[in-house]
Protein chains: 2
Amino acid sequence: MKFNIKDVAKKAGVSISTVSRVVNESKVVKSETQQRVMDAIRELGYKPNAIARSLKIKNTKTIGIMIPDISNQFFPEVVRGVEDIANMYKYNIFLCNTDRDRDKELQYFDALEEKQVDGIVLMGNEVAEDLYTKIKLTNIPVVLIGADYIDVPSVSIDHVKAGKAMVKYLIKKGHKHIGLLTGKVTDPAYGVARLEGYKMALEEDGIEFKEELVIEGDLRYKSGYEGAKMLLDLKEPPTAIFAATDEMAIGVLRAAQEMGIKIPEELAIVGFDNLDISEKLFPSLTTVAQPMYELGAIGMRVLTKILNDDALESDKIILNYSIIERETS
Amino acid sequence: MKFNIKDVAKKAGVSISTVSRVVNESKVVKSETQQRVMDAIRELGYKPNAIARSLKIKNTKTIGIMIPDISNQFFPEVVRGVEDIANMYKYNIFLCNTDRDRDKELQYFDALEEKQVDGIVLMGNEVAEDLYTKIKLTNIPVVLIGADYIDVPSVSIDHVKAGKAMVKYLIKKGHKHIGLLTGKVTDPAYGVARLEGYKMALEEDGIEFKEELVIEGDLRYKSGYEGAKMLLDLKEPPTAIFAATDEMAIGVLRAAQEMGIKIPEELAIVGFDNLDISEKLFPSLTTVAQPMYELGAIGMRVLTKILNDDALESDKIILNYSIIERETS
DNA sequence: TTGTATGCGTTATCAC
DNA sequence: GTGATAACGCATACAA
């Protein structure tokens, strides 16, 4: 039922080397024998065994992608970017959901190494000590997406600048009392960067920073919803809320709408990421767009360059963000 | 920098068979030598080469999953289900986005075969002739998710019954003039099944079927939005719209809200799937829940059973749907 | 309990 | 142009 190169060789009356040559499109084979071999291949339904091939040639045309969770709306778009480019260069990709769990990360990393992937694209904002050690120890190229704080090729956006730009946009709109729903203060991109951008924008415009206007969440819907309720229950509630992710912003939107607050007249809401859904909501969400697909695609492109020993212009690629003004502001 | 079993053997002063035995946790090794070998492994940072192993033992602990598009909200949840179970059984998964493109499907299928995956999970409502031929020809087990119309193990829901149930729900709510936004009439699940269920429900309640109330779309947001506009522009617009997917329903919602139509007082909107976002909208969406995670998880579970030669109770597993009543109806 | 030797399906080097 | 043959890194039958 399943044939190998030997079977083909026998059937075509040639040696396995010749079969190998035609499979690998070597030019030296006489076109007549080539035809015979191709006939045999077709008749037997022969498929080369990529495992055997990989063992010999020491690459697998396979890469791994580690992300926190594919069911979080943010990541599918990135993965799609990776996959499209990977496919273009004939790579297959192993998908690994880590849930930001240290053990799972290490476990998957080991599995990817053992399966001899040619490269790994890594996503998730914090890279734990242990994982970083592994990255430095392995000879498998790793590229980081969405963050740039370790000594590894990466593609990301400038989160501080982006956050700051959004707050400045709000200020220009006349807001002086702006709530911030941020990520964990330990999360470099969605926690510290967002808060830093927020503070910088306020400071530049001489607006006082008020502790009670910033609430730490976990970037998900529920914490956006709950954070908004807290903010909106303040004696002096904000006139605008900046959520660290669109998902949180959707929670804010829902909370505000439940309370009968008019958007954007009584409350402006802005998010971060530009999820696919954000423009489909009513009212549609103002947000800072992260080029998610490009993050993935360019990340993978960088990886292919590394794998081809092509020169990289830079180890750290910074992509542009943009503020998308819609109906919630 | 990269060591193999031979290096470990030398370092530990044993043969490669012994190293192989401790790596594979064979019980026969004397605990003293086992310790020596483990020390050598640790010191060298040895990682077994899964490719070589696979070549020898003829399985790869790898499966492939083919879906139309990971960036369509429906699939990440399914993939997550697959991955969780796969991970539990120590499988890694190749992610393949086919875009419902025939060529891509064939291409990926070939690639998965060549890479010797142990099994394939297939999703997407139509299985093209060519692909089906390949499935029947290969000896790699394939399980189908979300559809059950070919001679392959599958897990899905009863789409006709589910569609019918939703329409009956609408009728019980007092609606007699119900619009249907369906998928392509060639799509077994989202096209024909939805229409069939709709017709059955109407018929049972003696409601006349009106051609102009059903519009064929492509299951995506835009076609929901546009379909809704057409329906709502009718001289006698429907009092309820049943969209074949939540994504379409979100388009309907947006269209209605733009037109200032009160939901659900003036128009009920119901969808299908129960996407994560659907309960977060305002108003939240009434829909029939497809157990997406379970579809994936159980599909993968079936695959592991096949791979272990465990008995399958049934080749065709039908999961339950449920109607989730929320604010749009 | 451990070691030797063979083969998994390829590619590539070297002859012819 | 083509064919033997030796790796690739491992698991395992068999011997010791």
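In this predicted model, Pro283(A) is found in the loop that runs between strand 9 and strand 10 (286–289) of chain A, and the peptide bond that joins Phe282(A) to Pro283(A) is cis, with an omega of about 0 degrees. The loop between strand 9 and strand 10 of chain A also holds Asn274(A), a residue other than glycine whose phi nevertheless has a positive value, near 65 degrees. A cis peptide bond with omega near 0 degrees is likewise present from Ile263(A) to Pro264(A), and Pro264(A) has its place in the loop between helix 11 (246–258) and strand 9 (268–273) of chain A. In chain B, a positive phi of about 65 degrees is assigned to Lys58(B), although Lys58(B) is not a glycine; this residue is found in the loop between helix 4 and strand 1 (62–67) of chain B.

With regard to the overall form of the protein chain, the secondary structure of chain A comes to twelve helices and twelve strands. The C-alpha atoms of chain A fill a box of roughly 90 × 40 × 35 Å when the dimensions are taken along the principal axes. The radius of gyration of chain A is 26 Å, whereas a compact globule of 329 residues would have a value near 20 Å. According to an unreviewed UniProt entry, residues 3–57 of chain A are covered by the annotation "domain: HTH lacI-type". Over residues 3–57, chain A is 69% helix and 0% strand, and the C-alpha atoms at the two ends of this stretch are 21 Å apart.

The relation between the two protein chains was examined by superposition. Chain A can be laid on chain B with an RMSD of 0.1 Å by a turn of 180 degrees, combined with a shift of 0.0 Å along the axis. The two copies are thus related as by a two-fold rotation axis. Within chain A, the C-alpha nearest this axis belongs to Phe94(A), at 2.3 Å from it. Of the interface residues of chain A, 100% are also interface residues in chain B, so the copies meet through the same surface.

Both protein chains contribute to the surroundings of DNA strand C. Of the 27 residues around this strand, those that come nearest are Ser20(A), Ser17(B), Thr18(B), Arg21(B) and Lys56(B). Sugar and phosphate account for 61% of the atoms of DNA strand C that come within 4 Å of the protein. At the level of individual atoms, an N or O atom in the side chain of Asn24(A) is 3.0 Å from a phosphate oxygen of DNA strand C, while a backbone N or O atom of Ser15(B) lies 2.9 Å from a phosphate oxygen of the strand. A base is approached as well, in that a polar side-chain atom of Lys56(A) lies 3.3 Å from a base oxygen of DNA strand C. The elements that give two or more residues to the surface near DNA strand C are helix 2 (16–23) and helix 4 (50–57) of chain A, together with helix 2 (16–23) and helix 4 (50–57) of chain B. By class, the residues of this surface divide into ten nonpolar, nine polar and eight charged.

DNA strand D was considered in the same way. Around this strand there are 27 residues, of which Thr18(A), Arg21(A), Ile5(B), Ser20(B) and Tyr46(B) come nearest. Of the atoms of DNA strand D that come within 4 Å of the protein, 60% are accounted for by sugar and phosphate. A backbone N or O atom of Ser15(A) lies 2.9 Å from a phosphate oxygen of DNA strand D, and a polar backbone atom of Val28(A) is 3.3 Å from a sugar or linking oxygen of DNA strand D. From chain B, a backbone N or O atom of Ala52(B) lies 3.3 Å from a base nitrogen of DNA strand D. Helix 2 and helix 4 of chain A, together with helix 2 and helix 4 of chain B, are the elements that give two or more residues to the surface near DNA strand D. This surface has eleven nonpolar, nine polar and seven charged residues.

How values were computed. Residues are numbered from 1 along each chain as its sequence is written. Chains are lettered from A and ligands numbered from 1 in the order in which they are written. This is a predicted model: local features need pLDDT of at least 70, side-chain atom pairs count only at pLDDT 80 or more; totals for chains, interfaces and linings use all residues. Side-chain values use heavy atoms; hydrogens and water are left out. Copies are superposed by least squares on the C-alpha atoms of residues with pLDDT of at least 70 in both. Contact means heavy atoms within 4.5 Å. A residue is near a molecule or strand if one of its heavy atoms lies within 4 Å of it. A polar contact is a pair of N or O atoms within 3.5 Å; within protein, one must be able to donate a hydrogen and the other to accept it, and residues adjacent in sequence count only if both atoms are side-chain atoms. Helices (H or I, at least four residues) and strands (E, at least two) are DSSP runs, numbered from the N terminus. Ala, Val, Leu, Ile, Met, Phe, Trp, Tyr, Cys and Pro count as nonpolar, Asp, Glu, Lys and Arg as charged, and the others, Gly among them, as polar. UniProt positions are given in the numbering used here, feature names are shortened, and annotations may be inferred rather than shown by experiment. The radius of gyration is taken over C-alpha atoms; the globule rule is 2.2 Å times the number of residues to the power 0.38.
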